[in-house]
Amino acid sequence: MSHVDPTREAFDQFKSLPRDEPIQMLNLIRYRDKAAYPAGHENAGKDWSGADAYREYGRTSGPVLQRVGGRIIWRGKPRVTLTGPSEEQWDAGFIAEYPSAAAFFAMISDEEYQQAVVNRTAAVADSRLIRFDPREGGAGFA
């Protein structure tokens, strides 16, 4: 089963959480082999891979992320899943941090972002997006 966009129930739960505190969003991404743009889109027919389309999403959505005060605080290339379903293979992982959930909502409702997100949809075969409340690091796990 593929997950590209949130379900209505998950988004409603997300919206019910506090909006005035910082959040971090863990993103796990599996790219399509070939980007799947809607007919007539300016990038349709460019024969892009999913990775190419995701780079375009980053390029076009990055200014909006910065404008709302967000930033990427960590990124990595997944190599092997030690615990979890072996069929869940990821091409990219990163954590985006926002000054508040309200900033995240401002980003996703921004007109420029709405145009950029078409690239994400074209790029992604499967994904996970998980909201976290930031915590201080340290020697312990909890």
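Which helix holds both Lys15 and Asp12, and how many residues apart are they? Select the two of them and you land in helix H1, residues 8–16, where they sit three residues apart, about one turn of the helix. Before going further, keep in mind that this is a predicted model.

**Stop 1: the pair in H1**

Show the side chains of Lys15 and Asp12: they meet in a salt bridge, 3.6 Å from N to O. Turn on a surface and you'll find Lys15 partly exposed, at 30% relative accessibility. Asp12 is partly exposed too, with a relative accessible area of 35%. This salt bridge is one of eleven that a search of the whole structure finds.

**Stop 2: a salt-bridge network**

Now select Arg30, Glu88, Asp126 and Arg128, which are linked in a network of salt bridges. Start with Glu88 and Arg128: their salt bridge has its closest N and O atoms 2.6 Å apart. Glu88 is in the loop between strand S2 (71–76) and strand S3 (92–98), while Arg128 is in strand S4 (residues 124–132), so this pair ties together parts that are 40 residues apart in sequence.

Stay on Arg128 and add Asp126. Their side chains also meet in a salt bridge, at 2.9 Å from N to O. Are these two buried or exposed? Arg128 is buried, and Asp126 is buried as well. Glu88 is partly exposed, with a relative accessible area of 22%; the cut-off for buried is under 20%, so Glu88 at 22% doesn't get that label.

**Stop 3: the aromatic cluster**

Clear the selection and pick Phe11, Phe14, Tyr98, Phe104 and Phe105. Together they form one aromatic cluster. Across the whole structure, a search finds ten aromatic pairs. For one to look at closely, zoom in on Phe11 and Phe105: the ring centres are 5.9 Å apart and the planes are at 70 degrees, so the pair is edge-to-face. Phe11 belongs to helix H1 and Phe105 to helix H3 (residues 101–109), so to speak two distant parts of the chain, 94 residues apart, linked by this pair. Phe105 is buried, with a relative accessible area of 13%.

**Stop 4: charges over the rings**

Keep the cluster on screen and bring in Arg19. Its charged end sits over the ring of Phe105, 4.2 Å from the ring's centre. Arg19 itself lies in the loop between H1 and S1, and is partly exposed, with a relative accessible area of 39%. Try a distance label from Arg19 to Phe104 as well: their C-alpha atoms are separated by 9.0 Å, with the two positions 85 residues apart along the chain.

Next, add Arg131 and look at Phe14. The charged end of Arg131 sits over the ring of Phe14, 5.1 Å from its centre.

**Stop 5: two helices crossing**

Switch to cartoon and colour H2 (50–67) and helix H4 (residues 111–123). Their axes come within 8 Å and cross at roughly 155 degrees. Which way do they run relative to each other, parallel or antiparallel? H2 and H4 are roughly antiparallel, because an angle over 145 degrees counts as such. The crossing is left-handed.

While you're on H2, select Arg59, which is found in that helix. Arg59 is exposed, with a relative accessible area of 56%. Draw a line from Arg59 to Val80: the two are 21 residues apart in sequence and 28 Å apart in space, C-alpha to C-alpha.

**Stop 6: two loops**

Go to Asp47, in the loop between strand S1 (23–31) and helix H2. Check the backbone here: Asp47 has a positive phi of about 60 degrees although it is not a glycine. Most residues other than glycine have a negative phi. Asp47 counts as exposed, at 59% relative accessibility.

Last, select Lys77 in the loop between S2 and S3. Lys77 is partly exposed, with a relative accessible area of 47%. Add Phe94 and label the distance: the C-alpha atoms of Lys77 and Phe94 are separated by 8.7 Å, and the two residues are 17 apart along the chain.

Notes
Residues are numbered from 1 along each chain as its sequence is written. This is a predicted model: local features need pLDDT of at least 70, side-chain atom pairs count only at pLDDT 80 or more; totals for chains, interfaces and linings use all residues. Side-chain values use heavy atoms; hydrogens and water are left out. Helices (H or I, at least four residues) and strands (E, at least two) are DSSP runs, numbered from the N terminus. Buried means under 20% relative accessible area, exposed over 50%, partly exposed in between (1.4 Å probe, protein chains only). A salt bridge is a side-chain nitrogen of Lys or Arg within 4 Å of a carboxyl oxygen of Asp or Glu. Rings of Phe, Tyr and Trp (its six-membered ring) pair if their centres lie within 6.5 Å; planes under 30 degrees apart count as stacked, over 60 as edge-to-face and the rest as tilted. A charge sits over a ring if NZ of Lys or CZ of Arg is within 6 Å of the ring centre and within 35 degrees of the ring normal. Axes are lines fitted to C-alpha atoms, for helices over the stretch in contact, and angles run from 0 to 180 degrees between N-to-C directions. Angles under 35 degrees count as roughly parallel, over 145 as roughly antiparallel, 65 to 115 as roughly perpendicular and the rest as oblique. A crossing is left-handed if the near helix is turned anticlockwise from the far one by less than a right angle, and right-handed if clockwise.
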